[in-house]
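Let's take a walk along the backbone and stop at the spots where the torsions do something worth a second look.

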Amino acid sequence: MKILLTAFFILFSQELSFTWHQQEYDAIIVDPTKEVIRMHWLDDKGIPYKNIAAVKQASGKDILMITNGGMFQPGNVPVGLYIENGKTIRPLDTAQNKPGNFYLLPNGVFYTDKEGAHVSTTSSFKNKDISYATQSGPMLVIDGNIHPLFKQGSENVNLRSGVGIMPDGKVVFIISKSNQTNFYEFASIFKEKFECKNALYLDGVISKMYLKGNRKEDVGGDFGVMIAVSAQ
């Protein structure tokens, strides 16, 4: 029975551990036609969930992945756009010339609609019939090109997490295992290994990613928006 359950899980989503340019990463590939992607911020009392364990417990579903989904302000309030169940809760942030990774333009939006999952630059995003959305930044890959401000060999290294859309419409979430990854190297994974036309940075040093298979211990955190994937 255990073997059958493992095979069933792999059929519907794929966890990966891999090495890229001497650094180690964990990832999961998600098929939006077979799994459900949702975003969470506030519980039914209007209080931020804050950590992965709280979202996992409240979901009551077969959770495959949970990760923090973007930057936030004091009080765990999302920076930029947040849409949940078709309702816009926080507006799109189009500000420029502000400090921080979020404003390393272009930034972007990860969102879902009836067609599947998408990553778009903020300037190209159209808020129409959206189910869930979270804004973050910077973009990692834009129309098949690595963000023009990223520098190969940069010493700006940290833990990184992000999301990209593969050519077949599947979604790949990736997190580094150490704090030794620069933006260019991280973006190159999405572009070269997974052939993502568009990919978005989610967060850095505080990032966590619960995976049902090999990251069951990653259930803490103090976040704003979180992205969860469950079996249908």
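Asp 129 sits in the loop that runs between strand S10 (116-121) and strand S11, the latter covering 130-136. Keep in mind that you're looking at a predicted model. The backbone torsion to check here is phi: for Asp 129 it comes out near 55°, a positive value in a residue that isn't glycine. And is Asp 129 buried or exposed? With a relative accessibility of 58%, Asp 129 counts as exposed, because the cut-off for that label is over 50%.

Carry on through S11 and you reach another loop, the one between S11 (130-136) and strand S12 (139-142), where Pro 138 has its place. What joins Gly 137 and Pro 138? It's a cis peptide bond, with omega at about 5°.

Past S12 comes the loop leading to strand S13 (145-146), and Asp 143 lies in it. Here's another positive phi outside glycine: the value for Asp 143 is near 50°. Relative accessibility for Asp 143 is 52%, so this residue counts as exposed, given that the label asks for over 50%.

Now jump back along the chain to the loop between strand S8 (87-90) and strand S9 (108-113), which is where you'll find Pro 106. The peptide bond between Leu 105 and Pro 106 is cis, and its omega is about 0°.

So if you're going through the torsions yourself, there are two kinds of stop on this tour. For omega, look at Leu 105 to Pro 106 and at Gly 137 to Pro 138. For phi, look at Asp 129 and Asp 143.

Methods:
Residues are numbered from 1 along each chain as its sequence is written. This is a predicted model: local features need pLDDT of at least 70, side-chain atom pairs count only at pLDDT 80 or more; totals for chains, interfaces and linings use all residues. Side-chain values use heavy atoms; hydrogens and water are left out. Helices (H or I, at least four residues) and strands (E, at least two) are DSSP runs, numbered from the N terminus. Buried means under 20% relative accessible area, exposed over 50%, partly exposed in between (1.4 Å probe, protein chains only).
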